[in-house]
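Please open the model in your viewer and keep the sequence panel beside it. The tour below moves from one selection to the next and says what is there.

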Amino acid sequence: MNMHYSIPSWIYDKAALTKAGVDTGYVVIWRKERENGKLADDQLIFVPAEENTFIPVDSSYERTMLQYLVEKKINFKKPLLMPIDEVYRPDFILDKQKPNVIIEVAGLMNNIDYVNHLRQKRAHYLDKGYKYLEWDVRKPLKIDI
């Protein structure tokens, strides 16, 4: 479902814009209830999203992966929240496959801390019995399931 909502520019200008390399998205206004019972704006954030599906993405590389999955008609889930019993949130899950396939978009392969974190994630998912696919963004995108 695509929704279009206009907000005043002064609200949009206060949004914390992303460094994810994604220009499309939406603004979310978080509100909280005051003591008098009235709602008050509390936070304003910009959620980067892929321009056709409006599914949130964390980077331009995730956007590329999402577009690839849609183009190839591969069913997927894009987790937005981390389950309480998990230590990691995968970039994408192919849940029509058995076992489920975890896809990680590896975008910062020149950063040793990132690479070490990715190794931990890979080991975690494999230990849990998932199939694990990783796209090193320095290489062409191709998924073999």
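Select helix H3 together with strands E4 and E5: in this predicted model, H3 lies across both strands and runs at about 175° to E4, where axes are lines fitted to C-alpha atoms, for helices over the stretch in contact, and angles run from 0 to 180 degrees between N-to-C directions. Helices (H or I, at least four residues) and strands (E, at least two) are DSSP runs, numbered from the N terminus. Residues are numbered from 1 along each chain as its sequence is written. Local features need pLDDT of at least 70 and side-chain atom pairs count only at pLDDT 80 or more, while totals for chains, interfaces and linings use all residues, and side-chain values use heavy atoms, with hydrogens and water left out.

Next, narrow the selection to H3 itself, residues 112-127. Its 16 residues, at 1.5 Å a residue, should span 22 Å (1.5 Å times one less than the number of residues), and the end C-alpha atoms are 23 Å apart, which agrees.

Now show the side chains of Val 115, Leu 118, Lys 121, His 124 and Tyr 125, the buried residues of H3; buried means under 20% relative accessible area, computed with a 1.4 Å probe and protein chains only. These buried residues pack against strand E4 (101-106) and strand E5 (131-136), a contact being heavy atoms within 4.5 Å.

Move to the two ends of the helix. At the N-terminal end, Asn 111 acts as a cap, with a side-chain oxygen 2.9 Å from the backbone nitrogen of Asp 113. After H3 comes Gly 129, which has a positive phi, near 95°.

Then select the strands beneath this helix, adding E3. The order E3-E4-E5 makes an open sheet of 3 strands with mixed pairing, where two strands pair if DSSP finds at least two bridges between them. Strand E3 (92-94) and E5 stand at the edges with a single partner strand each, so one side of each is left without a neighbour in the sheet. From one strand to the next, the twist averages 25°.

Which residue of E5 is the bridge partner of Val 105? Trp 135 is that partner, and E4 and E5 pair in the parallel sense over 6 bridges.

Finally, zoom out to the whole protein, which has 3 helices and 5 strands, running α-β-β-α-β-β-α-β from the N terminus on. Of its 145 residues, 33% count as buried.

Conventions. Buried < 20%, exposed > 50% of the residue type's maximum accessible area, 1.4 Å probe, protein only. Polar contact = N/O pair within 3.5 Å; in protein donor to acceptor, adjacent residues only side chain to side chain.
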